[in-house]
Amino acid sequence: MSLTPEVLSIYIVDILFLFFASLAFYLSLKITLNYDRNKNTQQQYELEKKSYLAATIIKFIFFIKIPMFVFFVFTLDKISNILVGAMCAAGVVNATEYGVPLLILKMLNLYIFAFWITLNSEDMKYEEQKYFRVKFLLFIVAFVLLLIEIITEIVMFSNIDINSVVDCCGVIFSVTDTTYISEILSKDIFLVALFYGNFLLLTLFFFLKQRVLYGVLNLLFVIISLLSLIAFFGTYIYELPTHHCPFCLLQKDYGYIGYFLYIFLFYGTYYGLSLAFLEYESKELKRRFNLSLLFNLIYLILVSYFVVGYYFKNGVWLS
């Protein structure tokens, strides 16, 4: 496809990411291979100094990736205006075989980079820096995934043919087709039961302070929440039983409610997931438990509000 200003902007940021991430990768590799806390040499001192530079670069990448993810979705929505058949970002994502994997990879990388920030923050609290090598090993993995993301992004945009007809979200998320999506959509009541059941278990383990189980349940919660949003809750936001698109929620017609839903879900599950991998001091442990449950609860209240609000307004459920 031709370069739109939005796509060109994404490419420029990708080049910047690649440059800075490559530098951080080189430093991380050097630190991982050569750092030994038991040695008191000039090389170890130099590696510690370089670790601050690497950490600064990694934090910079993460804090830019957050608005860039929003801008990426905005770009997909903007491109849908020039693709025949597309009504929103869903048509653009489905226009090539790389769209869905790229979207999943971008979300995965956000969680990984967010966890790296947490790991680095916890590491800096202790004089012995017990996570020093671990955090740079994690970034080496994150760098590989970031590299795959950038390549996939370029390939996806390059393979979009603006002269071909693509499916709109109504076709992609149709319950009448014999696809895996239609199979998921047909299990709407089951998914809703899983959604509320999962939250009840989250609440239980919140009070029991079982951090590992709570973290695992947050992983399930983000998956079930997205599936139930597409299959059930989204239809009440649209007030149309056949409209299941998770991207139209981001549009002005629906008050940009999707941004609020996805942000609350991300923060709630991020804080919850982080509990499963690290041991925290009691004060920080309590803070993360509280923030996770709070954001997840706000998400639950928001999606439930549209269902209850529709019933009180119309006296019937959507069917």
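Let me begin with Leu16, which at 42% relative accessibility counts as partly exposed, and which is found in helix H1. Together with Leu3, Leu8 and Ile12, Leu16 makes a nonpolar surface patch of about 360 Å². Before I go further, please keep in mind that what we are looking at is a predicted model, and that every value I mention has been computed from that model.

Staying with helix H1, I would like to turn to the charged side chains. A search of the whole structure finds 11 salt bridges, and I will go through some of them. In one of these, Lys78 pairs with Glu6, with 2.9 Å between the closest N and O atoms. The two residues come from distant parts of the chain, since Glu6 belongs to helix H1, residues 5-34, while Lys78 belongs to helix H2, residues 42-79, and their positions lie 72 residues apart in the numbering. As for their surroundings, Glu6 is buried at 13% relative accessibility, whereas Lys78, at 38%, is partly exposed.

A second salt bridge joins the side chains of Glu122 and Lys125, at 2.8 Å from N to O. Is Glu122 buried or exposed? With a relative accessibility of 2%, Glu122 counts as buried, while Lys125, at 43%, counts as partly exposed.

A third salt bridge is the one between Arg211 and Glu279, where the closest N and O atoms are 3.7 Å apart. Arg211 lies in helix H9, residues 211-238, and Glu279 lies in the loop between helix H10, residues 257-277, and helix H11, residues 282-314, so this pair ties together parts of the chain that are 68 residues apart in sequence. Glu279 is exposed, with a relative accessible area of 52%, and Arg211 is partly exposed, with 22%.

Salt bridges can also be linked to one another, and here a network of them connects Lys65, Lys106, Glu149 and Glu153. Lys106 deserves a further word, for its charged end also sits over the ring of Phe72, 4.6 Å from the ring centre. A comparable arrangement can be described for Lys209, which lies over the face of Phe289 at 5.1 Å from the centre of the ring.

Phe72 brings me to the aromatic residues, and to the question of how many aromatic pairs the structure holds. The number is 38. One of them is formed by Phe72 and Phe157, whose ring centres are 6.2 Å apart and whose planes stand at 70°, so the pair is edge-to-face. Phe72 is in helix H2 and Phe157 is in helix H5, residues 132-159, so the pair ties together parts that are 85 residues apart in sequence. Phe72 is buried, with a relative accessible area of 1%, and Phe157, also with a value of 1%, counts as buried too.

Another edge-to-face pair is that of Phe195 and Tyr196, with 5.1 Å from centre to centre and 75° between the planes. Phe195 counts as buried at 0% relative accessibility, but Tyr196 is partly exposed, with a relative accessible area of 31%. Both of these residues belong to one aromatic cluster, whose other members are Phe199, Phe221, Phe232, Phe233, Tyr236, Tyr299 and Tyr310.

Finally, I come to the cysteines, where the count of disulfides is 0. Cys168 is in no disulfide, and the nearest cysteine sulfur, which belongs to Cys169, is 5.5 Å away. Cys168 is partly exposed, with a relative accessible area of 22%. Why, then, is there no bond between the sulfur of Cys248 and that of Cys88? The sulfur of Cys88 is the closest cysteine sulfur to that of Cys248, but the two are 3.6 Å apart, which is too far for a bond, because a disulfide needs the two sulfur atoms to be within 2.5 Å. Cys248 itself counts as buried, at 5% relative accessibility.

If you would like to follow one path through the structure afterwards, I suggest starting at Phe72, where the ring of Phe157 forms an edge-to-face pair with that of Phe72 and the charged end of Lys106 sits over the Phe72 ring, and then going on from Lys106 into the network with Lys65, Glu149 and Glu153.

Definitions and conventions:
Residues numbered from 1 in each chain as written. Predicted model: local features only at pLDDT ≥ 70, side-chain atom pairs only at ≥ 80, totals over all residues. Heavy atoms only, no water. Salt bridge = Lys/Arg side-chain N within 4 Å of Asp/Glu carboxyl O. Helix = DSSP H or I, 4+ residues; strand = E, 2+ residues; numbered from the N terminus. Buried < 20%, exposed > 50% of the residue type's maximum accessible area, 1.4 Å probe, protein only. Phe/Tyr/Trp six-rings, centres within 6.5 Å; stacked < 30°, edge-to-face > 60°. Lys NZ or Arg CZ within 6 Å of the ring centre and 35° of its normal. Patch = residues over 30% accessible without salt bridge, like charges linked within 9 Å, V, L, I, M, F, W, Y side chains within 5 Å. Areas by Shrake-Rupley, 256 points an atom, 1.4 Å probe, with all protein chains shown as cover.
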